Amino acid sequence: MSVELLPMDLIRTLSMLLVITSVAAVEIRRLRMAAVAYSIQALLIVALLASFASGNPALYLWAGTALITKAILTPYFLFRAIGSGDDRELKPLIGFGPSVLVAVLLMLGFYHLTHTHILLLAPSELAQQELFRTNLAVASTVFALGLYAVLTRRDAVKTVIGLCLLENGVHLSLVSLAPGLPETALFGVASEVVVTVYLLLYVIGGVRRQFGTTDTFALRELHW
Amino acid sequence: MSADPAAVTSSLPPLAFLLPLAAGAVVLLGRRFGRALAQAVTLVTAVAVLGIGVAMVVRVVAGQVLVAWGNELRVDGLSALLVVVIGGIGVLASLYSVRYVARPTAPERAGEAVAPTRLPVFYGLLLWFLATMLWGCVTNNVVMLYVAVEATTLTSGLLVAFYWDRRALEAGYKYLMLLTIGITFALFGCVLVYAAGAATGKLDGGQALLLSELRGVAGLIPSGTALIAVAFLIVGFGTKAGIAPFHPWLPDAHAEAPTPISVLLSGVMIKMAVYALARTVSIFYPTWPGLAVFAVGLGVFTMVLGIVLALAQDDLKRLLAYSSVSQMGYVLAGVGLGTYLGCYGGLFHLLNHAVFKSLLFMAVGALIYSTGARRISELGGLARKMPITSACFIIGAVAISGLPPLSGFMSKLTVFLALAQSGMWWAAAVAVLVGLLTTVVLMRAASAVFWAGPSRQAAAQNPVREVPPSMWVPMVILAAACVLLGVLPQVAYPLLDRAAVALATLGR
């Protein structure tokens, strides 16, 4: 990859916006608005991949794959699952204030980690350049925010949004970790996420009919 | 292409997974032709896959390594072992399912009589489930290995939730969510291995994806990166394999899925995940022999936790599921040693567990089929009414307990010996103790279900009869295999030897 061709400022701005939209997707209580925030985040990822592609044309294909899977299909499934009725999210375990604090701490932590211990995480010369360290920090933050959402949100649909964020973080990190990944592998990884989201929302649809709610706390029949 | 002199280009590796993939598509597209076509196609395909597996075994035992698509697919002894296990259990589970899914209306699951139109979907997904597992076992590409393991989750997700009632939906949601998150760590691990392999400069981009090539350069990967990659791989594939403490999805999914799917999940799928774990982590063993202690420790923890939780179960399917967790601990402890004997014992136990756990799940399925109950407290006095089922359950219980002369004894003994040979007496002692506990758990269940007086609830039900032949024939075949592998363990030697040699990295 030819790094000097990359639009640095654009990439930094997009990365920052990416973190903000991730927090929004986790925090907004209206599921439809959260899905909108997720969709914007997905479009930002596509833009980010496309900006990296000016230094590595293979990434245009990644951007195209992300556009179809993350920015078109996933939001479509999400909006269809949320439906047109009441879309207020069930009260999460941890509220807004602490969540923002978590997000800030995650970002600072990963930024520090990628600027001190990058050799452990990304064993290539490319990833040791400043831009890719930042990219890895952003990707890890998005990943961790997704995991945080899955763990602390009660609403099953919201946990799926969390899962999408988590996977977006993974895919973003591949730009730094494995830019030479063949298209077949990339396509496999990206398409599986969409299928997972589809299946999960399908099962959640069944949960809503059988339990009358999408509260994961209601899923208490099986224990030990 | 690999420089391996034994490598022979063959069409068997792609055929092994493309055939069930295509057959699954045929079944799903031909939904309107109903159940009979779906079952016929599934059975024929499973038999064909078993045939491919046997052909692979013959050639691998003769010293060949089968490759295809420019070394993208690669079948050595280890892969051939997994393919033949998947094929064999696939055939028996398909045969067993023919009558089972046609009458799953146990009173316990009242109101979820499976609509005939859904059955072709069941069989289509079952074939795809087999296809994705087989793909994972023949691929030589480290990222595709992740893709295949995740694909097994996707193809089996709806099978776990197939009954679509409260319990099944809860199990299905947890299964898809927990496994997808868990496996994502394996993606990080696989990508790190690939990136680190490429960064050594010894392999070009495409080669750095191939497990067979990565093995040669693993020693050059920086230690910190290697350890992080191994940690990610253990969390990722360990989740899928039901290794404690990543196992909580397993009892739910294995217990709530329809029994033929429980057989495939417990009998085959978690083995395929252990295979993925062993394939990837073992490349680091020559440089980091200390990993063996960690793997054995994790295995011992898993076997203890699994059996302790199994002790508390009243639900037979959950009991068997927790026992699967425990038995995976033996497999991990053996394979995790990295020595030839350890790998041999671990893989032998993997084969045996596939046989006797499938048998036990089928026997419990037979109880559910005939009585509609699956709780120990609701069952009793069935030895006379269901003689074949009870005999098969007891053979399976003796085998899994590791009592001579059945199969579990031989493989557990090999694991004990391997642990002792490596100086890990503490692990061997715990493993023996867990074996005793397994005996207690299974024998207590067997005596309550088959000999104790029938509970009032069970007695009030319709007369209980033995299950139809299409259900007991697979059980009898598996029971015979338990005896055969126990009395004549050398029949499996040629294949297990090749498989253990392919995996063992710390010498014979």
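The overall size of chain A fits a simple expectation. In this predicted model, chain A has a radius of gyration of 18 Å, which agrees with the value near 17 Å that a compact globule of 224 residues would have. Measured out along its principal axes, the C-alpha trace of chain A spans about 55 × 35 × 35 Å. Of the 224 residues in this chain, 49% count as buried. Contacts that link distant parts of the sequence also feature in chain A: among its contacts with a separation of 6 or more, 73% join residues that are 24 or more positions apart.

The secondary structure of chain A is pleasantly easy to follow. Eight helices and zero strands were found, and a walk from the N terminus therefore reads simply as α-α-α-α-α-α-α-α.

Chain B brings strands into the picture. Here an open sheet of three strands, with mixed pairing, is arranged in the order S1-S2-S3. Strand S1 (7–9) and strand S3 (73–75) of chain B stand at the edges with a single partner strand each, so one side of each has no neighbour in the sheet. On average, and with direction ignored, neighbouring strands of this sheet are turned by 30° against each other. Strand S2 of chain B, made of residues 65–68, pairs with S3(B) in the antiparallel sense, and three bridges connect the two. A helpful place to look is Val67(B), which stands opposite Arg74(B) in S3(B).

How far can the prediction be trusted in chain B? The mean pLDDT of this chain is 90, and 94% of its residues reach 70 or more. Where pLDDT is low, the predicted coordinates should not be read in detail. For the complex, the predictor gives an ipTM of 0.91 and a pTM of 0.94.

The two chains meet in a contact that takes 36 residues from chain A and 41 residues from chain B. On the side of chain A that touches chain B, helix H5 (118–121), helix H7 (156–177) and helix H8 (183–211) of chain A each supply at least two residues. The largest share of this side comes from H8(A), with 14 residues. By residue type, the side of chain A that touches chain B divides into 26 nonpolar, seven polar and three charged residues.

Technical notes
Residues numbered from 1 in each chain as written. Chains lettered and ligands numbered in written order. Predicted model: local features only at pLDDT ≥ 70, side-chain atom pairs only at ≥ 80, totals over all residues. Helix = DSSP H or I, 4+ residues; strand = E, 2+ residues; numbered from the N terminus. Rg over C-alpha atoms; globule rule 2.2 N^0.38 Å. Buried ≥ 20, exposed ≤ 12 C-beta atoms within 10 Å, placed from the backbone. Contact = placed C-beta atoms within 7 Å. Pairing = 2+ DSSP bridges. Axes fitted to C-alpha atoms, helices over the stretch in contact; angles between N-to-C directions. pLDDT = per-residue confidence, 0-100. Nonpolar A, V, L, I, M, F, W, Y, C, P; charged D, E, K, R; others polar.
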